[in-house]
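Q: Hi! Could you walk me through this one?

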Amino acid sequence: MKQILWFRRDLRITDSALLAHATGEVLPIFIFDEHILKNLPKEDKRVTFIYESVLALKKQLQTLGLDLAIFYGKPEDIFSKLVQQGFDEVLCSIDYDAYAIQRDKTIESILPMHRFLDSFILDPKEHFKKDGTPYKVFTPFYNALEPLHSALKLEEYQYSNACIKASFDYDNTPLLEELGFVKTTLPAFLYQSAHELLEAFSLKIALYEKERDFFHIDATSKLSVHLRFGLISPKEVFNYVKTLAPTSGAACFIKELFWREFYNYILYHFPYSEFENFNGQILKWPNSDQAYEKWCNAQTGVPIVDAAMRCLNETGCMHNRLRMIVASFATKNLLIPWKRCEAYFALKLLDYEACSNVGSWQWAASTGADSVPYFRLFNPYLQSKKFDKEGQFIKHYLPELQECDAKLFHIENGLKQNLFLEYPPLLIGIAYSRERALQFYKRVNTTKP
Ligand SMILES: Cc1cc2nc3c(=O)[nH]c(=O)nc-3n(C[C@H](O)[C@H](O)[C@H](O)COP(=O)(O)OP(=O)(O)OC[C@H]3O[C@@H](n4cnc5c(N)ncnc54)[C@H](O)[C@@H]3O)c2cc1C
């Protein structure tokens with residue numbers, strides 16, 4: 001038996017389904033996929049992060065007596081060559097986004113594939129309502145998983161130890177520059193391992209429920225990027241948290257982990273929702289080109305929205321509460337189609353994950369599974385007053401507002417009082433755009449097809 005272990009979004013050797021099922025001669029590989037990379041800017045921070053993580057995985061595999069062959073190209077071309085070297089099958093982890101499904105279909109026509117679920121805790125195929133249909137609402141979905149999330153430990157995969165390294169030229173690692181990218185500086189927390197982040201989080205977890213919405217406090221785990229690329233598995237995170245004192249913070253955190261499961265579940269059962277409104281509504285969005293440009297470029301004139309967008313553009317990160325604020329502002333106040341904004345996040349977010357991004361954008365736009373009701377809009381000024389009262393976050397990302405009285409950040413047109421300030425005028429009035437959004441959404445919500 002000769003197997004290819006295709007690492008993709010599971011860049012680790014612990015709790016690894018691939019290593020647990022590895023038998024005989026194995027060739028662990030990673031492919032820098034030309035189809036994906038060709039669409040990314042050469043400064044893409046994710047590529048730097050993945051590149052470093054893949055090199056680290058190579059070292060980890062070497063400690064097991066294995067290695068990692070690293071390729072750059074189109075997966076179908078690479079597998080067409082590998083099949084000629086007598087490999088029998090490919091082991092990899094499951095991915096449910098549209099591109100991944102299509103890619104795997106192509107590879108399966110070249111070599112048999114065995115896919116394992118190790119990027120998520122729950123197998124979406126094994127959880128249904130009593131009537132046999134998939135859940136569409138988070139709370140019943142989560143409550144019905146009680147035995148799972150109240151468990152003290154979930155079983156992790158163990159290395160099979162039943163394989164040997166296939167002979168291969170493992171030294172041909174392409175340079176980052178050869179992939180067409182430059183090395184970028186990452187946010188500091190990305191130079192920490194997942195386990196270091198978990199340990200740091202263990203000291204904060206008791207206050208997680210209380211503090212997680214305050215974006216100037218370092219209150220969340222910051223694990224989403226590591227989870228996205230599988231440097232740690234969600235089961236490992238779960239098991240670690242279960243070793244800590246059971247607090248309301250810990251329970252709240254476990255629930256958040258299951259939002260990720262929920263969105264993966266929704267994408268699996270309703271794959272069309274990656275591109276279309278989950279609820280089937282047809283919304284006739286007005287032209288929003290100008291608003292979209294200003295939203296992306298942090299020029300809306302709403303300090304909290306602009307600070308959040310500048311944070312995204314500069315760092316590739318955005319706190320969850322800020323994501324909710326800018327998403328509500330974009331899809332409701334500015335009436336920008338959610339898919340357009342979702343694509344912008346996909347381009348920028350270091351933790352971009354199709355299921356969570358699509359699910360969350362549809363949530364904000366009131367078109368998704370278990371969405372915010374269409375008539376509920378975040379008032380960005382009330383949000384900044386509540387969560388950034390002193391304006392620390394706003395001043396950090398909008399240093400041109402450094403000298404301003406923070407109270408002015410929380411009042412519509414507050415900054416207009418300062419005639420010498422170089423800050424864009426408010427793009428749209430909050431009361432007017434709120435009313436416009438209500439009328440827009442009301443039309444589809446009150447007209448039954
Ligand atoms: C518009 C919008 C887009 C989003 N896009 C993404 C995305 O592309 N990728 C992504 O991982 N998360 C996304 N989220 C969810 C959430 O913002 C991030 O998971 C979170 O901010 C990551 O920070 P953390 O790891 O410190 O989170 P913590 O608060 O420490 O949470 C722990 C983990 O739980 C999961 N999680 C937490 N909240 C959510 C949530 N609402 N939905 C799904 N999973 C969650 C994440 O894996 C996270 O790492 C999005 C939210 C919104 C509102």
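A: Happy to; the ligand comes up here, then the salt bridges. This is a predicted model, where local features need pLDDT of at least 70, side-chain atom pairs count only at pLDDT 80 or more, and totals for chains, interfaces and linings use all residues. Residues are numbered from 1 along each chain as its sequence is written, and side-chain values use heavy atoms, leaving out hydrogens and water.

Q: Cool, how many residues surround the ligand?
A: There are 25, and Y208, T220, S221, K222 and N320 are the closest (near means a heavy atom within 4 Å).

Q: And what does the side chain of N320 do there?
A: An N or O atom of the N320 side chain is 2.8 Å from a ligand oxygen. The protein buries 94% of the 820 Å² that the ligand exposes when taken alone (Shrake-Rupley method, 1.4 Å probe).

Q: Where does the ligand lie relative to the domains?
A: Between domain 2 (120-155 + 193-269) and domain 3 (289-446), because both give residues to the shell; the bounds come from an automatic or database domain assignment.

Q: Switching topic: how many salt bridges are there?
A: A search of the whole structure finds 25 (a side-chain nitrogen of Lys or Arg within 4 Å of a carboxyl oxygen of Asp or Glu). One of them pairs D104 with R8, at 2.8 Å from N to O.

Q: Are those two buried or exposed?
A: D104 and R8 are both buried (under 20% relative accessible area; exposed is over 50%, partly exposed in between, with a 1.4 Å probe and protein chains only).

Q: What about R46?
A: R46 forms a salt bridge with D44, with the closest N and O atoms 2.9 Å apart. R46 counts as buried at 8% relative accessibility, and D44 is buried at 4%.

Note on methods. Polar contact = N/O pair within 3.5 Å; in protein donor to acceptor, adjacent residues only side chain to side chain.
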